[in-house]
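Please open the model in your viewer with side chains available for display, and follow the selections below in the order in which they are given.

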Amino acid sequence: MSYSIPKGVFDLFPTTGKVEDEWKLTHHWQHLYEEMRSLSKKYGFEEIVTPIFEKTELFARSIGQETDVVSKEMYTFQDKGKRSLTLRPEGTASVIRTLVERKLYNEMYCHKLFYLGPMFRYERPQAGRYRQFYQFGAEVIGLDSPEQDVELIDLLFTLFQNLGLHNLTVYINSIGNAQCRKNYREALVQFLTPQKNKLSEESQRRLEINPLRILDSKNKEDQKIIANAPTILDFLEEDSKLHFEAVQSLLRIFKIPFKVNTQLVRGLDYYNRTVFEIACGDLGAQDTVAAGGRYDSLVKTLGGPDLPAVGFALGIERLLQIMLAQKCSFKPRPVPLILLIPLGELAKEVCFKLLKQLRVHDISAEMDFSSKKLKHIMKYADKKGFPYISIIGEEELQNEQIKLKHMTTGKEQVILLDQLVLTLINQIQNGI
């Protein structure tokens, strides 16, 4: 019996012969993770790790019962104790649950947290969208200033610049407070109801339960209709207007190009005021790389104090696919510096001791344990890309000298056996 991977998920692995699978290479992911962690720390963020599954009511309460995520996309199951659990569909709810449950808000007035890890949604798999997908997200809890909104946008924009991305567009909008959205919802429903039959089936359903989500529709007929719809900006109260104007002014100070998109709303119920997306035109219809916004009521909703909060998340799969499409550079695949190839039992013993000695001195090394024919070992060494190899046999042991071969140039140098570590350290310092 053979086994295959379930639909909508993917493996990450070290090597591939297929070009279309290049975004699944583990060293590309490691490159991104290193960049994300490093930049987040420069901005004062600390990493948080939460469980992959939580109690179902956490997501139903935070995201909203009527959202597509909760109503159609969550992976929910009962455990052996008949408890309803859900694989996390997003990261924010778990971060806030941790803050509230552990009363971290008592420690200091502001928490800046980031996370990296898998999320799960039952969606139709397509380019850049999977049922298990990975997110990088950041949350700031305790600050309601427009500067904090812009710092997060700047973190994202700087990350993308550092990675070498281009053709990026920052979209921003404000969806005001709860009363703003209530008034706008009524006006939007009043506008759309006479044209209900012209809307797509999905938008007709949303008109009854979550009309703001119609603004997200990718259906061309829907887009023609909503192009003439009233905008949320006409319904903002004074504080939200001032906040949004400040966000725009600060983005200009940071020289971050942006566009106001009045049809931009978020798919989760907890958002308010500033919402934003960063899009790239190289991934087809699913062109949003990162999205976020302010969610000032969520901490209180989940049982904590009334604290403001703002955050974002980005899909790592989409980001990698765009980077490859734009031919961005990645760090090379990590490979041990040297492969030791023993010929004979005594050489095995000597090489094994050398292997430990090299690693103690922080030199990455590997030794052939296979005892295969030399041509097979050399093919392996060439495929893996070792910078150096050293074949050690009876003659080398008698002379206490070995040949160190540079695989790229083919040059060999003869060195004393006990000088291997020092020689390689010098090679590293000189940039090999």
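Begin by selecting E54, R97 and E101, which are linked in a network of salt bridges; keep in mind throughout that this is a predicted model. Within this network, the side chains of E101 and R97 meet with a nitrogen-to-oxygen distance of 2.9 Å. Both E101 and R97 belong to helix α4, where they stand four residues apart, about one turn of the helix. An α-helix has 3.6 residues a turn, so residues three or four places apart point the same way. E101 counts as exposed, because its relative accessibility of 53% is over the 50% cut-off.

Keep E54 displayed and add R88, which is found in the loop between β4 (84-87) and α4 (92-101). Is R88 buried or exposed, and which side chain of opposite charge is nearest? R88 is buried yet has no salt bridge, and the nearest side chain of opposite charge is that of E54, 6.8 Å away. That distance does not qualify as a salt bridge, because the nitrogen and the carboxyl oxygen would have to lie within 4 Å. What the side chain of R88 does reach is backbone oxygen: that of T50 at 2.9 Å, and that of P51 at 3.3 Å. If you now display the surroundings of R88, leaving out residues up to four places away in sequence, you will find that R88 touches T50, P51, I52 and F53, together with F59, G117, P118, M119 and F120.

Two of those neighbours of R88, I52 and F53, lead to the next stop, for which F77 should be added to the selection. With the surface switched on, I52, F53 and F77 form a nonpolar patch, and their accessible area together is about 260 Å². F53 is placed in strand β2 (residues 53-55), and with a relative accessible area of 43% F53 is partly exposed.

Next, move to helix α11 (residues 316-325), and colour its residues by accessibility. How many of the ten residues of α11 are buried? Eight of them are, so this helix is largely enclosed by the rest of the structure. The buried residues of α11 are I316, E317, R318, L319, L320, Q321, I322 and M323. Past the helix, select K327, which follows α11 and has a positive phi, near 60 degrees.

To see one of the residues that meets α11, select W29, which lies in helix α1 (residues 26-42). Leaving aside neighbours within four places in sequence, W29 is in contact with I316, E317 and L320 and also with F10, L12, W23, K24 and Y134. A distance drawn between the C-alpha atoms of W29 and L320 should read 8.0 Å, although these two residues are 291 residues apart in sequence. W29 counts as buried, because its relative accessible area of 4% is under the 20% cut-off.

Two further salt bridges within helices remain to be visited. In helix α6 (residues 178-192), select E186 and K182, which are four residues apart, about one turn of the helix. E186 forms a salt bridge with K182, and the closest N and O atoms are 3.0 Å apart. Both partners count as partly exposed, E186 at 45% relative accessibility and K182 with a relative accessible area of 44%.

In helix α12 (residues 345-360), select K348 and E345, which are three residues apart, again about one turn of the helix. Their side chains meet in a salt bridge with an N to O distance of 3.8 Å. Here E345 is exposed, with a relative accessible area of 61%, whereas K348 is partly exposed, with a relative accessible area of 26%.

Finally, zoom out to the whole chain. The count of salt bridges comes to 14, and the secondary structure comprises 15 helices and 16 strands. Along its principal axes the C-alpha trace spans about 90 × 50 × 45 Å, and 51% of the 432 residues count as buried. The accessible surface comes to about 22,400 Å², of which 50% belongs to carbon and sulfur atoms. Of the contacts between residues at least 6 apart in sequence, 68% join residues at least 24 apart.

Terms used
Residues numbered from 1 in each chain as written. Predicted model: local features only at pLDDT ≥ 70, side-chain atom pairs only at ≥ 80, totals over all residues. Heavy atoms only, no water. Patch = residues over 30% accessible without salt bridge, like charges linked within 9 Å, V, L, I, M, F, W, Y side chains within 5 Å. Areas by Shrake-Rupley, 256 points an atom, 1.4 Å probe, with all protein chains shown as cover. Helix = DSSP H or I, 4+ residues; strand = E, 2+ residues; numbered from the N terminus. Buried < 20%, exposed > 50% of the residue type's maximum accessible area, 1.4 Å probe, protein only. Contact = heavy atoms within 4.5 Å. Lys, Arg positive; Asp, Glu negative; His and termini not counted. Polar contact = N/O pair within 3.5 Å; in protein donor to acceptor, adjacent residues only side chain to side chain.
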